[in-house]
Amino acid sequence: MTTPASSTTLRDILLIGFCAIFMLVAKMALRLNLGIPGHAMFFTIFFLILPRAVTGLRFAATATGLAAGLASVLLGMGKGGPLLLLKFLFPSLFVDAAFLLFPGYGGSLIFCGLVGLVAAASRIAGVMATDYLVGMDTAIIMAHATLKTIGGALFGAAGGLAVAPIIRKLKARGMISVAPHHRG
């Protein structure tokens with residue numbers, strides 16, 4: 001019995017779940033105070049682009065980001081409470097939108113790097129909302145959000161650059177479709 005090409009398989013769901021778990025584990029491991037703002041975005045963007053490119057599901061990155069964000073809120077991993085979900089949601093929505101607008105570029109270094117850069121930068125709204133609700137001054141909010149966003153965008157671009165060769169190898173070995181595809 002074969003499944004229709006547009007259906008979501010158990011393999012897709014497992015990959016999305018594993019990527020969300022790996023994203024959280026990487027965030028837990030990187031909670032060390034390295035003094036480098038935004039370093040956690042490397043693995044966040046890596047594990048957002050990977051399920052979107054591999055499964056071809058339209059909202060695979062969003063599902064991964066939602067799962068990781070909800071688990072992060074439930075585990076109390078940040079200072080923002082429920083607003084922590086926004087920090088996962090904006091980048092994941094951007095990854096899905098980029099793959100919808102430019103299908104077939106999943107293995108491109110330039111595409112994945114740019115998607116990682118802009119997706120990581122898109123979390124500035126979540127950072128600013130969190131800082132505003134904490135009661136920070138407007139000038140401090142702008143400086144803090146800009147600093148976190150610039151660092152996060154650079155690490156996000158690095159995460160995007162790291163995932164592109166993996167996607168190309170999976171395509172070369174026939175593990176994922178070479179032709180651009182959208183499912184679900």
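Ala, Val, Leu, Ile, Met, Phe, Trp, Tyr, Cys and Pro count as nonpolar, Asp, Glu, Lys and Arg as charged, and the others, Gly among them, as polar. The model shown is predicted.

**View 1. The lining of the largest pocket divides into 13 nonpolar, 10 polar and seven charged residues.** The pocket holds about 910 Å³ of space. Its lining counts 30 residues. Nearest the centre lie Met-77, Lys-79, Lys-87, Arg-123 and Lys-148. Helix 2, helix 4 (84-101), helix 6 (124-134) and helix 7 are the elements that each give two or more residues to this lining.

**View 2. Helix 1 (residues 10-29) packs against helix 2 (residues 41-55), with axes that come within 9 Å.** The two axes cross at roughly 175°. Angles over 145 degrees count as roughly antiparallel, and helix 1 and helix 2 are therefore roughly antiparallel to each other. On the helix 1 side, the contact is made by Asp-12, Leu-15, Ile-16, Cys-19, Phe-22, Met-23, Ala-26 and Lys-27. Helix 2 meets them with Phe-43, Thr-44, Phe-47, Leu-48, Leu-50, Pro-51, Val-54 and Thr-55. By class, the residues of this contact divide into 12 nonpolar, two polar and two charged.

**View 3. Ile-16 of helix 1 is in contact with Pro-51 of helix 2.** The C-alpha atoms of Ile-16 and Pro-51 are 5.9 Å apart in space. In sequence, 35 residues separate the pair. Beyond its neighbours within four places in sequence, Ile-16 is in contact with Pro-51, Leu-57, Ala-60, Ala-63 and Thr-64. Is Ile-16 buried or exposed? Its relative accessibility is 9%. Buried means under 20%, so Ile-16 counts as buried.

**View 4. Ile-21, also placed in helix 1, is partly exposed.** Its relative accessible area is 46%. Partly exposed covers the range between the buried limit of 20% and the exposed limit of 50%, which is why Ile-21 falls in that class. Which separation links Ile-21 to Thr-64? The C-alpha atoms of Ile-21 and Thr-64 are separated by 9.0 Å. Along the chain they are 43 residues apart.

**View 5. Thr-44 of helix 2 touches Met-23 and Lys-27.** These contacts leave aside neighbours of Thr-44 within four places in sequence. Met-23 and Lys-27 belong to the helix 1 side of the helix 1 and helix 2 contact. Thr-44 has 2% relative accessibility. With the buried limit set at under 20%, Thr-44 therefore counts as buried.

**View 6. Leu-170 lies in helix 7 and touches Val-54.** Val-54 is one of the helix 2 residues that meet helix 1. Leu-170 also touches Met-175 and Ile-176, again not counting residues up to four places away in sequence. Where does Gly-107 sit relative to Leu-170? The C-alpha to C-alpha distance between Leu-170 and Gly-107 is 9.4 Å. The two are 63 residues apart in sequence.

**View 7. Lys-171 is found in helix 7 (residues 138-172) and is buried.** Its relative accessible area is 17%. Buried means under 20%, so Lys-171 meets the limit. The C-alpha atoms of Lys-171 and Phe-42 are separated by 23 Å. Along the chain, Lys-171 and Phe-42 are 129 residues apart.

Terms used: Residues numbered from 1 in each chain as written. Predicted model: local features only at pLDDT ≥ 70, side-chain atom pairs only at ≥ 80, totals over all residues. Heavy atoms only, no water. Helix = DSSP H or I, 4+ residues; strand = E, 2+ residues; numbered from the N terminus. Buried < 20%, exposed > 50% of the residue type's maximum accessible area, 1.4 Å probe, protein only. Axes fitted to C-alpha atoms, helices over the stretch in contact; angles between N-to-C directions. Parallel < 35°, antiparallel > 145°, perpendicular 65-115°, else oblique. Contact = heavy atoms within 4.5 Å. 1 Å grid on protein atoms, 1.4 Å probe; cavity = no way out; pocket = protein on both sides within 12 Å on 5 of 7 lines; lining within 4 Å. Points joined across faces, edges and corners; volume = space filled by probe spheres on them.
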